[in-house]
Amino acid sequence: MRKPRILVTGAAGKTGSVVVAELLKAGYPVRALVRREDSRSARFERLGAEIAVADMSDVERIADALNDVQGAYYCPPFDPYMIQGAAAFAVAAKESRLEHIVGVTQWLASPSHPALMTRQHWLVDRLFSMIPGIAHTIVRPGFFADAYLVPIRLAAHLGLFPWIYGDSRNAPASNEDIARVAVAALKSPARHAGKVYRPTGPELLGGKDMAEAIGLAVGRSIKVVPTPTWLFMKSARQAGLSIDVLSALHYYIDDHRRGAFELGAPTSDVLDVTGQPPEEFAAIARRYAALPENRPTLNNRLRTAAQFLIAPLKPGLNLGRYQRQLRCPVPSQPQLTHESRVWRREHTLNAQVSVAPELHAQRA
């Protein structure tokens with residue numbers, strides 16, 4: 001029996017690339033959607049994927065990419081026009097008679113969050129669930145383990161682990177586990193249609209727990225360094241994070257500190273959906289510690305020390321001006337996740353629900 005063709009958006013991303021590889025390994029015909037042809041798309045071609053090049057908001061190119069496709073992995077780009085791309089995808093999906101969408105959004109997704117991206121993630125979930133005749137599965141991870149391992153170079157070379165989240169904890173999932181949940185759903189649409197999954201790692205960890213695991217991975221003692229948000233934001237900008245990401249991230253830091261990623265975590269979704277237990281943080285840290293830039297060489301140590309010393313001198317970001325320039329709509333009463341009754345209800349149920357009564361109650 002011929003297996004369905006799967007379109008993977010964000011194919012060059014952290015989860016999309018794993019989804020492409022896992023589906024090809026399982027014998028599925030895969031069309032990998034990328035913004036441009038480069039070494040990553042060439043690697044997908046060598047693995048056997050078909051390549052489609054398109055911007056997510058280009059409805060005609062997206063329609064071409066969805067031709068003769070039965071299932072899709074949808075990972076929206078993190079930019080201010082996310083909802084436009086999702087609307088274009090929904091129109092093209094309906095016209096092409098797509099059968100199933102597995103969409104990756106956010107643990108924090110809620111309708112009144114101060115971060116534009118998070119409000120849009122919530123709307124994308126609703127939009128896709130409303131397309132007639134198309135099954136929809138939602139995957140909502142929290143901060144990836146990858147996010148906590150961005151400063152592993154500092155840990156490896158200077159023995160420092162910056163921590164901005166106070167006493168809060170998370171059970172972060174690996175890129176690979178999040179992707180494998182999506183792949184399992186793509187393989188069995190009937191079983192996973194209408195479901196919401198929140199993949200996590202196996203246990204809740206705080207800063208000291210993560211520092212200990214990273215220390216074992218890099219082979220040295222690691223000190224947790226409480227870090228102010230302004231310094232973290234400068235360092236993140238220096239590391240290449242876009243202002244689009246940073247404009248949301250400073251809200252997520254506050255969510256994290258207030259325990260948003262602890263509520264309902266850890267889940268058993270990775271094991272339940274894939275049949276395999278989630279990766280432990282220590283195992284993920286070992287994989288990152290083995291990367292060339294994290295190995296204990298003199299050049300790596302000097303480069304890391306220079307970047308560490310320069311970070312405080314970097315210019316700051318005027319996020320307020322950035323948001324005003326976007327001229328995007330804002331909620332009348334912005335709410336972080338712990339304040340949102342909609343988010344708490346949906347998160348607790350861990351399933352798609354009608355939120356109309358909650359929205360009415362919130363406005364009352």
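In the predicted model, Arg97 is exposed, with a relative accessible area of 72%; this value places the residue in the exposed class because the threshold for that class is over 50%. Arg97 is located in the loop that connects α4 (82-96) to β5. Its backbone is also notable in the computed geometry, since phi is positive, at about 60°, although the residue is not a glycine. A second non-glycine residue with a positive phi of about 60° is Asp68. Asp68 belongs to the loop between α3 (59-65) and β4. With a relative accessible area of 41%, Asp68 is partly exposed.

The strands that follow these two loops, β4 and β5, belong to an open sheet. Seven strands, written as 7 in the count, make up this sheet in the order β3-β2-β1-β4-β5-β6-β8, and their pairing is parallel. The sheet is bounded by the edge strands β3 (50-53) and β8 (196-197), each of which pairs on one side only. Within the sheet, β4 (residues 71-74) and β5 (residues 100-104) are joined in the parallel sense over 4 bridges. One residue pair can be assigned across these strands: the bridge partner of Tyr73 is Val102 in β5.

Helices pack on this sheet. Helix α8 (residues 175-187) touches β1, β4, β5, β6 (135-139) and β8. The direction of α8 makes about 165° with that of β5. Helix α1 (residues 16-25) lies across β1 (6-8), β2 (30-34) and β4, and runs at about 155° to β1. Both helices thus contact β4, as given for α8 and for α1.

The edge strand β8 is preceded by a loop from α9 (189-192), and Ala193 is placed in that loop. Ala193 is partly exposed, its relative accessible area being 33%. Leaving aside neighbours within four places in sequence, Ala193 is in contact with Ala135, His136 and Thr137. The C-alpha atoms of Ala193 and Ser129 are separated by 9.9 Å, the two residues being 64 residues apart along the chain.

Another loop residue, Val150, lies between α6 and α7. Val150 counts as exposed, at 53% relative accessibility. Between the C-alpha atoms of Val150 and Ala54, which are 96 residues apart along the chain, the separation is 29 Å.

The two helices that flank the loop of Val150 also take part in covering helix α14 (residues 281-289). The buried residues of α14 are Phe281, Ile284, Ala285, Tyr288 and Ala289. Viewed down the axis of α14, these buried residues fall within an arc of 140°, so they line one face of the helix. Such a pattern can be read against helical geometry: an α-helix has 3.6 residues a turn, so residues three or four places apart point the same way. The elements covering the buried residues of α14 include α6 (145-148), α7 (152-158), α8 and α10 (207-218). Helix α8 therefore touches strands of the sheet and is also included in the cover of α14, where contact means heavy atoms within 4.5 Å.

A further helical pair is formed by α11 (residues 229-238) and α12 (residues 243-257), whose axes come within 11 Å and cross at roughly 145°. The crossing of α11 past α12 is right-handed. On the α11 side, the contact involves Thr229, Phe232, Met233, Ala236 and Arg237; on the α12 side, it involves Ile243, Leu246, Leu249, His250, Ile253 and Arg257. Classified by residue type, the contact has 7 nonpolar, 2 polar and 2 charged residues.

The buried residues of α11 are Met233, Lys234 and Ala236. Down the axis of α11, they fall within an arc of 160°, so they line one face of the helix. Met233 and Ala236 are buried and also meet α12. The cover over the buried residues of α11 includes α12 and α16 (319-326). Following α11 is Gly240, with a positive phi near 110°.

Beyond α12, the loop leading to α13 (269-274) contains Pro266. The peptide bond between Ala265 and Pro266 is cis, with omega about -5°.

Conventions: Residues numbered from 1 in each chain as written. Predicted model: local features only at pLDDT ≥ 70, side-chain atom pairs only at ≥ 80, totals over all residues. Heavy atoms only, no water. Pairing = 2+ DSSP bridges. Axes fitted to C-alpha atoms, helices over the stretch in contact; angles between N-to-C directions. Left-handed = near helix turned anticlockwise from the far one by under 90°. Nonpolar A, V, L, I, M, F, W, Y, C, P; charged D, E, K, R; others polar. Buried < 20%, exposed > 50% of the residue type's maximum accessible area, 1.4 Å probe, protein only. Arc of directions from axis to C-beta.
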